[in-house]
Amino acid sequence: MRPLAIILGLCLSTPSAAEEAATVAFFGIHMLDTSLQTTELGQDPQEIARRERIEAQVRERFAAEGYELLDLAPVQADLDRVVNPAKCYGCDTRMATKLGADYSLVGEVQKVSNLILTMNLQLRDAETGELVKGGVVDIRGNTDESWERGMRYILKNRIFREE
């Protein structure tokens with residue numbers, strides 16, 4: 001009798017092959033730059049590269065956690081009309097629903113100065129628009145390391161925190 005209970009317990013706790021991974025429409029990380037440096041000197045190419053690296057960091061972590069990231073091509077025309085999907089009054093969840101996604105994922109880096117930056121990442125239910133998980137972190141210093149550490153913190157302690 002005991003071996004049957006163990007096998008039954010394992011079957012109930014292990015996801016079946018028929019279960020599908022949750023799907024996510026990731027609309028990227030967007031810059032909101034109100035810094036004097038950018039006003040005077042223009043966009044820093046290093047920040048563009050940093051943004052691309054933390055987007056890859058987010059994609060890799062979601063994939064590693066078993067989420068399927070969807071191709072945005074079917075909603076690209078809608079997305080092209082949006083300045084910032086993180087602040088578009090629910091357009092992200094509407095586009096995610098069009099894609100058949102379970103979740104919408106948006107992020108933003110706000111640069112106040114080369115010393116003060118804020119990052120946020122929000123995972124929303126595509127159907128209801130409700131925030132499922134999210135996090136905000138202030139970082140000091142505009143470096144590759146500070147950006148990657150900031151996003152790693154949000155992913156580890158806010159999005160994928162074991163409860």
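Buried means under 20% relative accessible area, exposed over 50%, and partly exposed in between, with a 1.4 Å probe and protein chains only. We're working with a predicted model, where local features need pLDDT of at least 70, side-chain atom pairs count only at pLDDT 80 or more, and totals for chains, interfaces and linings use all residues. Residues are numbered from 1 along each chain as its sequence is written, and side-chain values use heavy atoms, leaving out hydrogens and water.

**Exercise 1. Work out what share of the chain is buried, and where the prediction is weak on confidence.**

Step 1: start with burial. Of the chain's 163 residues, 37% count as buried.

Step 2: turn to pLDDT, the predictor's confidence in each residue, from 0 to 100. The chain averages 88, and 88% of its residues reach 70 or more.

Step 3: go element by element, taking helices (H or I, at least four residues) and strands (E, at least two) as DSSP runs numbered from the N terminus. Helix α1 (residues 2-13) has the lowest mean pLDDT, 40, while strand β2 (residues 68-69) has the highest, 98.

Step 4: check the N-terminal stretch. Residues 1-18 have pLDDT below 50, and beyond near neighbours in sequence this stretch makes zero contacts in the model. Contact here means heavy atoms within 4.5 Å.

**Exercise 2. Lay out the fold and find what builds the largest nonpolar core.**

Step 1: list the elements. There are six helices and five strands, running α-β-α-α-β-α-α-β-β-β-α from the N terminus.

Step 2: fix the term. A nonpolar core is a set of buried Ala, Val, Leu, Ile, Met, Phe, Trp, Tyr and Cys residues joined through side-chain atoms within 4.5 Å.

Step 3: pick out the hubs. The largest core has 20 residues, and V58, F62, L105, M119, L121, M151 and L155 touch the most other members. Two or more residues each come from β1 (23-33), α3 (45-64), β3 (103-111), β4 (116-125), β5 (131-140) and α6 (144-159). Helix α6 gives the most, five residues.

Step 4: zoom in on V58. Setting aside neighbours within four places in sequence, V58 contacts F26, L105, L121, M151 and L155.

**Exercise 3. Decide whether M95 is buried or exposed, and name its partners.**

Step 1: locate it. M95 sits in helix α5 (residues 91-99).

Step 2: read the area. M95 has a relative accessible area of 4%, so it is buried.

Step 3: list the contacts. Not counting residues up to four places away in sequence, M95 touches F27, V75, D78, L79 and V82.

Step 4: follow one partner outward. D78 pairs with R81 in a salt bridge (2.5 Å, N to O), and R81 is exposed, at 62% relative accessible area.

**Exercise 4. Trace the salt bridge that ties α6 to α3.**

Step 1: apply the rule, a side-chain nitrogen of Lys or Arg within 4 Å of a carboxyl oxygen of Asp or Glu. That gives 11 salt bridges.

Step 2: take D144 and R53, whose side chains meet at 2.7 Å, N to O. This pair links distant parts of the chain, D144 in helix α6 and R53 in helix α3, 91 residues apart.

Step 3: check exposure. D144 is partly exposed at 35% relative accessibility, and R53 is partly exposed at 33%.

Step 4: widen the view. R50, R53, D144 and E148 are linked in a network of salt bridges.
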